[in-house]
Amino acid sequence: MVLGGGVNLPIRSDYIKIQTVDEHYFYIRKEYGNTQTFSLMMRDAPEDRVDKVTVPGNSLITQSVCRFLAYKHRYVNTPPDIPIFTVPPEYLIDLMTLADFMKC
């Protein structure tokens, strides 16, 4: 991670850094992003970028995908009283496209 003034800090090894096409960054726990696509992206990344992936979505859509990954991790194999995951209707098509790309 780079802070102002060119200060570099290492990314904690239990997080994945997700970069969007509009140059925004999201950090999620590796266990949330434990999907086939993330695994392939991280495997093909250069040695110094093993915890970073770039996705073809903008930041608004990627934020919704990150929220869904956390939701999915939290509520997988739980009782049937799972809260409904909501998404703004204007994001649905782009969100489904990015979710399909990320296999989540």
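## The nonpolar core

In this predicted model, the largest nonpolar core has 14 residues, of which I18, I28, V65, L98 and M102 touch the most other members. At least two residues of this core come from each of β3, β4, α2 and α3. The greatest contribution is that of α2, which gives four residues.

## Overall organisation

The chain contains three helices and five strands. Along the sequence these elements follow the pattern β-β-β-β-α-β-α-α. Of the 104 residues in the chain, 31% are buried.

Among contacts with a separation of 6 or more, 57% are between residues 24 or more positions apart. The chain exposes about 7,000 Å², and carbon and sulfur atoms supply 57% of this area.

## The three-stranded sheet

Three strands form an open sheet in the order β4-β3-β5, with mixed pairing. Strands β4 and β5 (52-54) stand at the edges and have a single partner strand each, so one side of each is left without a neighbour in the sheet. On average, neighbouring strands of this sheet are turned by 25° against each other, direction ignored.

The mixed character can be followed strand by strand. Strand β3 (residues 15-19) pairs with β4 in the antiparallel sense over five bridges, whereas β3 and β5 run parallel and are joined by three bridges. In the antiparallel pair, I16 has I28 of β4 as its bridge partner; in the parallel pair, K17 stands opposite K52 in β5. Helix α2 (residues 59-75) packs on the sheet and touches β3 and β4, its direction making about 5° with that of β4.

## The β3-β4 hairpin and the faces of β4

Strands β3 and β4 form a hairpin, with five residues between them. Within the turn, E23 has a positive phi of about 65°.

Which residues of β4 lie on its covered face, and which on its uncovered one? In strand β4 (residues 25-29), F26 and I28 form the covered face, while Y25, Y27 and R29 form the uncovered one. This arrangement can be set beside a general rule: in a regular strand the side chains alternate between the two faces of the sheet. I28, on the covered face, is also one of the core residues that touch the most other members.

## Helix α3

Helix α3 (residues 92-102) has four buried residues, namely L95, L98, A99 and M102. Seen down the axis of α3, these buried residues fall within an arc of 100°, so they line one face of the helix. The underlying geometry is general: an α-helix has 3.6 residues a turn, so residues three or four places apart point the same way. Two of the buried residues of α3, L98 and M102, are also among the core residues that touch the most other members.

The face of α3 turned away from the buried side carries the exposed residues I93, M96, T97 and D100.

## F101

F101 is found in helix α3. Why is F101 counted as partly exposed? Its relative accessibility is 36%; a residue is buried under 20% and exposed over 50%, so a value in between is partly exposed. F101 and G57 are 44 residues apart in sequence, and their C-alpha atoms are 9.7 Å apart in space.

Key: Residues numbered from 1 in each chain as written. Predicted model: local features only at pLDDT ≥ 70, side-chain atom pairs only at ≥ 80, totals over all residues. Heavy atoms only, no water. Buried < 20%, exposed > 50% of the residue type's maximum accessible area, 1.4 Å probe, protein only. Arc of directions from axis to C-beta. Pairing = 2+ DSSP bridges. Axes fitted to C-alpha atoms, helices over the stretch in contact; angles between N-to-C directions. Contact = heavy atoms within 4.5 Å. Areas by Shrake-Rupley, 256 points an atom, 1.4 Å probe, with all protein chains shown as cover. Core = buried A, V, L, I, M, F, W, Y, C linked by side-chain atoms within 4.5 Å.
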